[in-house]
Amino acid sequence: SSGINAECRALFQKSLESSVAPETRLINEIRHETQLIREELQQTQKILKQIVNETEMTNKKKVTPVTELWKKIFSHKFSRQSPYHETNVDRFPVPDSKLNWHTKFSGYKPTFYDNPRANLFDEPADPYLVSHFNEKKDGVNRQSNTAEYVVMEGRPLNPKGRSGLIGRGELERWGPNHITPAVMATL
(Lines give C-alpha, C1' and ligand atoms only; values in the text may rest on other atoms or scores of the structure.)
Protein backbone atom coordinates (compact mmCIF):
# COMPACT_ATOMS: atom_id res chain seq x y z
CA SER A 1 0.00 0.00 0.00
CA SER A 2 2.76 2.48 0.92
CA GLY A 3 4.67 1.47 -2.24
CA ILE A 4 1.62 2.25 -4.37
CA ASN A 5 1.14 5.59 -2.58
CA ALA A 6 4.77 6.50 -3.18
CA GLU A 7 4.48 5.53 -6.84
CA CYS A 8 1.29 7.61 -7.23
CA ARG A 9 2.98 10.60 -5.56
CA ALA A 10 5.96 10.24 -7.90
CA LEU A 11 3.72 10.14 -10.98
CA PHE A 12 1.73 13.12 -9.73
CA GLN A 13 4.95 15.04 -9.00
CA LYS A 14 6.26 14.25 -12.50
CA SER A 15 3.06 15.52 -14.14
CA LEU A 16 3.26 18.70 -12.07
CA GLU A 17 6.88 19.29 -13.01
CA SER A 18 6.12 19.18 -16.72
CA SER A 19 3.59 22.01 -16.35
CA VAL A 20 5.56 24.13 -13.87
CA ALA A 21 7.34 27.35 -14.81
CA PRO A 22 11.18 27.25 -14.81
CA GLU A 23 11.28 29.63 -11.82
CA THR A 24 9.09 27.29 -9.80
CA ARG A 25 11.27 24.32 -10.78
CA LEU A 26 14.34 26.25 -9.66
CA ILE A 27 12.70 27.00 -6.31
CA ASN A 28 11.81 23.32 -5.93
CA GLU A 29 15.39 22.29 -6.76
CA ILE A 30 16.72 24.77 -4.18
CA ARG A 31 14.32 23.39 -1.59
CA HIS A 32 15.45 19.84 -2.39
CA GLU A 33 19.14 20.75 -2.15
CA THR A 34 18.49 22.64 1.09
CA GLN A 35 16.83 19.51 2.49
CA LEU A 36 19.88 17.45 1.50
CA ILE A 37 22.13 19.95 3.28
CA ARG A 38 19.91 19.83 6.39
CA GLU A 39 20.11 16.04 6.44
CA GLU A 40 23.89 16.14 6.04
CA LEU A 41 24.16 18.70 8.87
CA GLN A 42 22.00 16.52 11.12
CA GLN A 43 24.18 13.51 10.36
CA THR A 44 27.31 15.57 11.04
CA GLN A 45 25.86 16.79 14.34
CA LYS A 46 25.18 13.20 15.44
CA ILE A 47 28.71 12.14 14.52
CA LEU A 48 30.24 15.14 16.32
CA LYS A 49 28.29 14.21 19.46
CA GLN A 50 29.62 10.68 19.09
CA ILE A 51 33.18 12.02 18.81
CA VAL A 52 32.77 14.10 21.97
CA ASN A 53 31.28 11.18 23.88
CA GLU A 54 33.92 8.71 22.75
CA THR A 55 36.87 11.00 23.38
CA GLU A 56 35.58 11.60 26.91
CA MET A 57 35.65 7.88 27.67
CA THR A 58 38.42 6.82 29.97
CA ASN A 59 38.45 3.16 29.00
CA LYS A 60 40.67 3.16 25.90
CA LYS A 61 39.29 -0.18 24.71
CA LYS A 62 35.90 1.44 24.07
CA VAL A 63 37.18 4.43 22.09
CA THR A 64 36.70 4.30 18.32
CA PRO A 65 39.60 5.90 16.45
CA VAL A 66 38.71 9.53 15.83
CA THR A 67 40.12 9.34 12.31
CA GLU A 68 37.41 6.85 11.32
CA LEU A 69 34.75 9.25 12.59
CA TRP A 70 36.29 12.15 10.69
CA LYS A 71 36.15 10.03 7.53
CA LYS A 72 32.40 9.63 8.09
CA ILE A 73 31.93 13.37 8.60
CA PHE A 74 33.97 14.49 5.65
CA SER A 75 33.07 11.77 3.16
CA HIS A 76 32.55 13.30 -0.21
CA LYS A 77 29.00 12.10 -0.69
CA PHE A 78 27.89 15.23 -2.58
CA SER A 79 30.83 15.12 -4.95
CA ARG A 80 29.74 11.65 -6.09
CA GLN A 81 26.12 12.48 -6.89
CA SER A 82 25.01 11.99 -10.45
CA PRO A 83 24.31 13.74 -12.70
CA TYR A 84 26.90 16.46 -12.15
CA HIS A 85 25.18 19.52 -10.64
CA GLU A 86 22.89 21.29 -13.15
CA THR A 87 24.08 19.16 -16.10
CA ASN A 88 23.26 15.88 -17.80
CA VAL A 89 26.78 14.55 -17.16
CA ASP A 90 26.61 11.23 -15.33
CA ARG A 91 29.48 10.25 -13.11
CA PHE A 92 30.96 6.78 -13.19
CA PRO A 93 29.39 5.05 -10.15
CA VAL A 94 31.81 4.54 -7.25
CA PRO A 95 30.73 2.29 -4.38
CA ASP A 96 31.87 3.31 -0.88
CA SER A 97 34.14 0.25 -0.78
CA LYS A 98 36.10 1.57 -3.80
CA LEU A 99 36.54 5.21 -2.75
CA ASN A 100 40.13 4.85 -1.59
CA TRP A 101 42.70 5.29 -4.35
CA HIS A 102 44.71 2.40 -2.89
CA THR A 103 41.79 0.00 -3.36
CA LYS A 104 41.98 -1.84 -6.67
CA PHE A 105 39.12 -0.90 -8.99
CA SER A 106 40.02 -2.39 -12.39
CA GLY A 107 36.78 -1.36 -14.10
CA TYR A 108 37.05 2.29 -13.04
CA LYS A 109 36.49 4.54 -16.06
CA PRO A 110 35.62 8.02 -14.78
CA THR A 111 33.62 10.38 -16.98
CA PHE A 112 35.60 13.29 -18.42
CA TYR A 113 34.05 16.69 -17.75
CA ASP A 114 35.98 19.93 -17.94
CA ASN A 115 33.86 23.05 -18.33
CA PRO A 116 34.83 25.82 -15.90
CA ARG A 117 31.75 27.90 -15.27
CA ALA A 118 33.13 31.42 -15.10
CA ASN A 119 36.71 31.28 -16.49
CA LEU A 120 37.82 33.73 -13.81
CA PHE A 121 41.48 32.74 -13.93
CA ASP A 122 44.03 32.18 -16.63
CA GLU A 123 44.06 28.43 -15.91
CA PRO A 124 45.38 26.07 -18.58
CA ALA A 125 42.97 23.38 -19.78
CA ASP A 126 45.88 20.93 -19.79
CA PRO A 127 46.96 20.08 -16.22
CA TYR A 128 50.50 19.32 -17.46
CA LEU A 129 50.88 23.08 -18.00
CA VAL A 130 50.21 23.84 -14.32
CA SER A 131 53.53 24.78 -12.75
CA HIS A 132 52.87 23.63 -9.18
CA PHE A 133 50.65 21.49 -6.98
CA ASN A 134 50.43 21.13 -3.18
CA GLU A 135 51.86 24.59 -2.60
CA LYS A 136 51.11 28.29 -2.62
CA LYS A 137 52.94 30.05 -5.42
CA ASP A 138 52.49 33.16 -7.56
CA GLY A 139 49.31 34.11 -5.67
CA VAL A 140 47.66 30.73 -6.34
CA ASN A 141 46.99 28.45 -3.38
CA ARG A 142 46.96 24.83 -4.52
CA GLN A 143 47.31 23.45 -0.99
CA SER A 144 44.46 21.24 0.18
CA ASN A 145 42.84 21.91 3.55
CA THR A 146 42.45 18.17 4.15
CA ALA A 147 45.63 16.45 3.00
CA GLU A 148 48.46 16.60 0.52
CA TYR A 149 47.11 15.13 -2.70
CA VAL A 150 48.77 12.89 -5.25
CA VAL A 151 49.32 14.00 -8.82
CA MET A 152 49.02 11.10 -11.25
CA GLU A 153 49.49 11.41 -15.01
CA GLY A 154 49.63 15.19 -14.57
CA ARG A 155 46.23 15.37 -12.83
CA PRO A 156 45.68 15.95 -9.11
CA LEU A 157 43.70 13.16 -7.43
CA ASN A 158 40.92 14.06 -5.02
CA PRO A 159 42.40 13.41 -1.53
CA LYS A 160 39.00 12.12 -0.40
CA GLY A 161 39.00 9.41 -3.05
CA ARG A 162 37.39 8.58 -6.35
CA SER A 163 34.46 10.72 -7.48
CA GLY A 164 33.56 9.12 -10.82
CA LEU A 165 34.72 12.19 -12.72
CA ILE A 166 37.99 13.23 -14.33
CA GLY A 167 38.73 16.83 -15.22
CA ARG A 168 37.86 20.03 -13.37
CA GLY A 169 34.12 19.70 -13.74
CA GLU A 170 32.88 23.28 -13.48
CA LEU A 171 35.62 24.31 -11.06
CA GLU A 172 38.07 26.99 -12.11
CA ARG A 173 41.37 25.47 -11.08
CA TRP A 174 43.16 22.13 -11.14
CA GLY A 175 43.54 20.94 -7.55
CA PRO A 176 41.79 22.65 -4.64
CA ASN A 177 39.29 25.41 -5.34
CA HIS A 178 39.02 27.32 -2.09
CA ILE A 179 35.52 28.64 -1.51
CA THR A 180 33.39 29.53 1.46
CA PRO A 181 29.84 28.27 0.99
CA ALA A 182 27.05 30.27 2.54
CA VAL A 183 24.44 28.12 4.26
CA MET A 184 21.18 29.60 5.47
CA ALA A 185 18.86 27.54 7.59
CA THR A 186 15.67 28.29 9.44
CA LEU A 187 15.18 26.62 12.74
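## A tour from the whole chain to an aromatic cluster

Start with the whole chain in view: its accessible surface comes to about 14,100 Å², and carbon and sulfur atoms supply 55% of that. Areas of this kind come from the Shrake-Rupley method with a 1.4 Å probe, and for residues only the protein chains shown count as cover. What you have open is a predicted model, in which local features need pLDDT of at least 70, side-chain atom pairs count only at pLDDT 80 or more, and totals for chains, interfaces and linings use all residues. Residues are numbered from 1 along each chain as its sequence is written, and side-chain values use heavy atoms, leaving out hydrogens and water.

**Colour by confidence.** pLDDT is the predictor's confidence in each residue, from 0 to 100. The chain averages 76, with 73% of the residues scoring at least 70. Select strand β1 (residues 111–114) for the highest mean, 88, and helix α3 (residues 66–73) for the lowest, 54. Then pick residues 58–63, where pLDDT stays under 50.

**Switch to cartoon.** You should find three helices and six strands, in the order α-α-α-β-β-β-β-β-β. These are DSSP runs numbered from the N terminus: helices are H or I, at least four residues, and strands are E, at least two. Of the 187 residues, 22% are buried; that means under 20% relative accessible area, with exposed over 50% and partly exposed in between (1.4 Å probe, protein chains only).

**Select P95.** This proline lies in the loop between α3 and β1. P95 is partly exposed because its relative accessible area is 39%. Leaving aside residues up to four places away in sequence, P95 touches R80 and F105, a contact being heavy atoms within 4.5 Å. Measure from P95 to R80 in your viewer: their C-alpha atoms are separated by 9.6 Å, and the two are 15 residues apart along the chain.

**Add the rings.** F105 also belongs to a cluster in which ring pairs link F92, W101, F105 and Y108. Rings of Phe, Tyr and Trp (its six-membered ring) pair if their centres lie within 6.5 Å; planes under 30 degrees apart are stacked, over 60 edge-to-face, and the rest tilted. The structure holds six such pairs. In the pair F92 and Y108, the centres are 5.6 Å apart and the planes at 85 degrees, so this pair is edge-to-face. Both residues sit in the loop between α3 and β1, 16 residues apart.

**Last stop: Y108.** Is Y108 buried or exposed? At 15% relative accessibility, Y108 counts as buried, while F92 is partly exposed at 22%. Finally, show R162: its charged end sits over the ring of Y108, 5.2 Å from the centre. That label requires NZ of Lys or CZ of Arg within 6 Å of the ring centre and within 35 degrees of the ring normal.
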